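Here is a structure to go through by question and answer. Each answer sets a value against its definition.

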Amino acid sequence: MKRVIVGLSGGVDSSVAAYLLKEQGYEVIGLFMKNWHDDSVTISNECPWLEDSNDALLVAEKLGIPFQTVDLSEQYKEKIVDYMFSEYEKGRTPNPDVLCNREIKFDVFMKIALSLGADYVATGHYCRKGIIEKDGKQIFQLLAGKDGNKDQSYFLCQLSQEQLSKSLFPIGELTKPEVREIAAKLDLVTAEKKDSQGLCFIGKVRLPEFLQQQLQPKEGIIIEIDTNVAMYSLEKPTFNSLEEQIVFESTPIKYNPQMGKVVGKHQGAHYFTIGQRKGLNVGGTKEALFIIATDVQTNTIYTGQGHNHPGLFRKVLRVQPSEIHWIREDLALKNGEKMEVMARIRYRQELQKATLYQFESGLYVSFDEPQSAITEGQFVAWNIEDELVGSGVIS
């Protein structure tokens, strides 16, 4: 009998995942990851780990499976929290959920599970795993979940073949309502539980307060850039090569205070991200102000009015060579090659038509339509049909 260790989070999805595996004849063990102790930055009672671990324990008892808690808070702080601070300090916006899957659930946690004699690790993610044969060897696929509304493959976009080979996603063929129905029939304590929000395993966090633990507030200015500024209507130069054009189109505009007018003050450019609208506390504009750029070097925030402001849009983004990740290593592009894909730059975004171009200087994702709020530090992921084949950090 194959042994599976399920990451029981105290939510409905992992509860039903554990039940399904037991039904399929696996030997199932529930393991709860404790990743955070500091309640000073979490908002109210959202997702306190204690309540979650109790719910996970009740589910394990109900299903008649062994249950344990592992404390990974040290690794979590080092691999996720410290990384977040350093990224925000550089003016980038990290995605802790993608990192948490790569570094914690499918790395630290997986190693613990394998040391306990597990053949597989299972989670309650809405995605599926495929296996194909190619040149006589097995290749593992990361496929979208059947529930298009809940597909979470994006969060697993940094997994490797090795990690996928040892993973199971039991609820990937189900929709959220079906999962809730199963939990209700089994009378599980998690059946009606709301989905947790906020940071992976921490819950809802007041981000500025969270960041202020490490990043000191410092006053800077907010500049508004008019939509009619000349740089938005400059003619494109002529290019000697496709690569030259792609590199040019991927380069964000460098703003300076002379291009606009001062409309307010802020407490630190590193607390803000491109596309953000809330938290600026600037009134009196005809349309809402959106952040179009931040400069942590000069501690300046650049904004524009309305969600159609030209400063928000770009067609091409770049992934540095060291940050390109192919789940399907067999499909990786060589320099000079290109590939038609469907890509997204954030979870929940509809997949967009795009072309990948691989050059010495990196991988470029060129979208058919301009994309709003392409944000440095976030992940771009690309699909071929319903298979997520690769991803990278936007630079």
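The turns below cover the model, helix packing, cysteines, exposure and backbone angles.

Q: What makes a feature of this model eligible for discussion?
A: The model is predicted: local features need pLDDT of at least 70, side-chain atom pairs count only at pLDDT 80 or more, and totals for chains, interfaces and linings use all residues. Residues are numbered from 1 along each chain as its sequence is written, and side-chain values use heavy atoms, with hydrogens and water left out.

Q: At what angle do helices α3 and α4 pack?
A: Helix α3 (residues 73–89) and helix α4 (residues 96–115) pack at about 160°, with axes 10 Å apart. Helices here are DSSP runs (H or I, at least four residues), strands are E runs of at least two, and both are numbered from the N terminus. Axes are lines fitted to C-alpha atoms, for helices over the stretch in contact, and angles run from 0 to 180 degrees between N-to-C directions.

Q: Why is α3 described as antiparallel or parallel to α4?
A: Angles under 35 degrees count as roughly parallel, over 145 as roughly antiparallel, 65 to 115 as roughly perpendicular and the rest as oblique. The angle is about 160°, so α3 is roughly antiparallel to α4.

Q: Which hand does the crossing of α3 and α4 have?
A: The crossing is right-handed. The term applies if the near helix is turned clockwise from the far one by less than a right angle; anticlockwise gives left-handed.

Q: Which residues make the contact between α3 and α4?
A: From α3 come Q75, Y76, K79, I80, Y83 and M84. From α4 come P96, L99, C100, E103, I104, D107 and V108. Contact means heavy atoms within 4.5 Å.

Q: What is the make-up of the α3 contact with α4 by class?
A: It has 9 nonpolar, 1 polar and 3 charged residues. Ala, Val, Leu, Ile, Met, Phe, Trp, Tyr, Cys and Pro count as nonpolar, Asp, Glu, Lys and Arg as charged, and the others, Gly among them, as polar.

Q: Why are α1 and α6 called parallel or perpendicular?
A: Helix α1 (residues 12–23) and helix α6 (residues 176–185) pack at about 70°, with axes 9 Å apart. They are therefore roughly perpendicular to each other. Their crossing is left-handed.

Q: What makes up the contact of α1 with α6?
A: V12, D13, V16, Y19 and L20 of α1 meet K176, V179, R180, I182 and A183 of α6. By class, 7 are nonpolar, none polar and 3 charged.

Q: Is D13 buried or exposed?
A: D13 sits in helix α1. Its relative accessible area is 12%, so D13 is buried. Buried means under 20% relative accessible area, exposed over 50%, partly exposed in between (1.4 Å probe, protein chains only). Beyond residues up to four places away in sequence, D13 touches G124, Y126, I171, K176 and V179.

Q: How many disulfides does the structure hold?
A: It holds 0 disulfides. A disulfide is a pair of cysteine sulfur atoms within 2.5 Å.

Q: Why is C157 not bonded to C127?
A: The sulfur of C127 is the closest cysteine sulfur to that of C157, but the two are 12 Å apart, so they are too far for a bond. C127 is buried at 0% relative accessible area, and C157 is buried at 0% too.

Q: Is N149 buried or exposed?
A: N149 has 55% relative accessibility, so N149 counts as exposed. It lies in the loop between β6 (137–144) and α5 (161–165).

Q: What makes K218 partly exposed?
A: Its relative accessible area is 43%, so K218 is partly exposed. K218 lies in the loop between α7 (207–212) and β8 (220–224). Leaving aside neighbours within four places in sequence, K218 contacts H266, Q267, G268 and N299.

Q: What is phi at R348, and what at A373?
A: Phi of R348 is near 80°, positive in a residue other than glycine. A373, also not a glycine, has a positive phi of about 55°. R348 is exposed at 51% relative accessible area, whereas A373 is buried at 9%.
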